[in-house]
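User: Pick one part of this model and take me through it slowly, residue by residue where it helps. I'd like to see how the piece you choose fits with what surrounds it.

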Amino acid sequence: MAPAEIEPFFCPVASDPTRLAALAESGLLDSPPEEAFDRLTHFAVRLLDVPAAVVSLVDEHRQFFKSAVGLPEPWATRRETPLSLSFCQHVVGDGEPLVIVDARADPRVAENKAIEEFGVIAYAGMPLPDPNGHVLGAFCVIDGKPREWSEDDLAVLHSLAALAAAELRLRAMNRRLNAENDRLETAVAARTADLKAAADDLRAAAEAVQTAASAERDRLARVLHDHLQQLLVGAKMTLAAGGPREDAIGFIEEAIAESRSLAAELSPPVLRSRGLAPALDWLAARTTQRHGLRVSTDCDSALSKALPPAAAAVLFEAARELLLNTLKHASARAVAVRLRTAEFDGAPAAELTFRDDGCGFPDGEGDLGAGDGSGLANLRLRVAQWGGTVATDNQAEGGAIVKLRLPLPRD
């Protein structure tokens, strides 16, 4: 029997105007299903052995399902419900994970109609933030019976939520790039051939960003499928066959370590909790340990603490991309990373300087990684979106130097 229509429900906590504006700007509401998100919800169902998994986006009156596996009809077809059927609204309102063992006995949700309509008894949901920290929705899993969610369960869910949040950020970035590209194309139509050439260069840079983003999604999917999933399947098969408990524990411990490493790679906790300078120190130590490239850092701690989180994230991603390109193309033995305050167009700015002792930029191209079609073009585009610049050169003593300047907000 189809459920009766349910009156719209308004959630004041989830209706923050700034957050709603960010959600609307993302262009994700009412967007069609996408394989990247469906793959993650299917992974959640298989890895956590639950009947349902959802990527939800919450506005002031409803939750919209960007991806959903295991929901009953008609909600699976409608791809949305009123907030009277939403546990995810609490994740959005609080900005924190929500873990429920038995909804019927939990005062936060005991009156929620999803218990009767969907049979939601156990629930675990993780927030999905945008680059500015606005929680747009939740990645959740649902069980129809009481369940004590283990640390392993929540670690896997956290990793999958981090991947879903990365996908959301990619779409938001692509939407902004497309909007900016449309604006520039309109201007080019009324201007000179030189401006048209500049717009073509920008379009090529946007395609480079998309290519890099696609490659990163493929890499993360391979890690999930070829390593993390296989470890968990190995543990399950060992237990099912009555094999040694120690072997199953070994599989699970390695899967936990892999999921934590993946989560740290996507969004290092040290960047969120302590700022850019400690995050750069962590990145330097990790690069040295894993690849043998000696990386030193010299950072202004006061500037690091004063940077807005979004600006710190841009500079951290820039440093990580430059290190990766150096490893792939520069044949360098050492890198020095320096963070200082500088002047940019008469105003204070954060300056990130990157020096290596490698082969330098080939033929004066001034572009690391030019051989594979990526390099600094996409980095320049991202920094330009923040009003900053990227300058490159070869050093007289050998090696490359890259300087990024990002304007600081005025008091």
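Analyst: Let's start at P74, which sits in the loop between β2 and α3 (75–78). One caveat up front: this is a predicted model. The peptide bond between E73 and P74 is cis, with omega at about 5°. For context, most peptide bonds are trans, and most residues other than glycine have a negative phi. Keep that second point in mind for later.

Now step back into strand β2, residues 62–69, where you'll find K66. Is this lysine buried or exposed? K66 counts as buried because its relative accessibility is 0%. Leaving out anything up to four places away in sequence, K66 touches S31, P32, P33, E34, F37, D38, V55, L57 and R79. Take D38 from that list: 28 residues separate D38 from K66 in sequence, yet their C-alphas are 8.4 Å apart.

One of those partners, F37, takes us to helix α2, where F37 is a buried residue. The helix has 14 residues and runs 20 Å from first C-alpha to last, close to the 20 Å expected at 1.5 Å a residue. Its buried set is A36, F37, L40, T41, F43, A44, V45, L47 and L48. That kind of spacing is worth reading with helix geometry in mind: an α-helix has 3.6 residues a turn, so residues three or four places apart point the same way.

T41 is worth a stop of its own. This threonine belongs to α2, residues 35–48, and it counts as buried because its relative accessibility is 0%. Beyond its neighbours within four places in sequence, T41 is in contact with A53, V54, V55, S67, V69 and F139. V55 turns up in the contacts of K66 as well.

Now look at what lies either side of the helix. In the loop between α1 (17–26) and α2 there is D30, a non-glycine residue with a positive phi of about 65°. D30 counts as exposed, since its relative accessibility is 51%. On the other side, α2 is followed by D49, located in the loop between α2 and β1 (52–58). D49 isn't a glycine either, and its phi is positive at about 55°. With 60% relative accessibility, D49 counts as exposed too.

Cysteines next. How many disulfides are there? The count is zero. The sulfur of C88 has its closest cysteine sulfur in C140, but at 3.8 Å that is too far for a bond. Both residues are buried, C88 with a relative accessible area of 3% and C140 with 2%.

For a helix pair elsewhere in the chain, try α12 (residues 309–329) and α13 (residues 377–385), whose axes come within 11 Å and cross at roughly 170°. That angle makes α12 roughly antiparallel to α13. By class, their contact has five nonpolar, one polar and two charged residues. V314, A318, E321 and L322 of α12 meet N378, L379, R382 and V383 of α13.

Finally, the wider setting. The protein has 13 helices and 11 strands, and buried residues make up 49% of its 411 residues. Of the contacts with a separation of 6 or more, 65% are between residues 24 or more positions apart.

Conventions
Residues numbered from 1 in each chain as written. Predicted model: local features only at pLDDT ≥ 70, side-chain atom pairs only at ≥ 80, totals over all residues. Heavy atoms only, no water. Helix = DSSP H or I, 4+ residues; strand = E, 2+ residues; numbered from the N terminus. Buried < 20%, exposed > 50% of the residue type's maximum accessible area, 1.4 Å probe, protein only. Contact = heavy atoms within 4.5 Å. Disulfide = S-S within 2.5 Å. Expected span 1.5 Å × (residues − 1). Axes fitted to C-alpha atoms, helices over the stretch in contact; angles between N-to-C directions. Parallel < 35°, antiparallel > 145°, perpendicular 65-115°, else oblique. Nonpolar A, V, L, I, M, F, W, Y, C, P; charged D, E, K, R; others polar.
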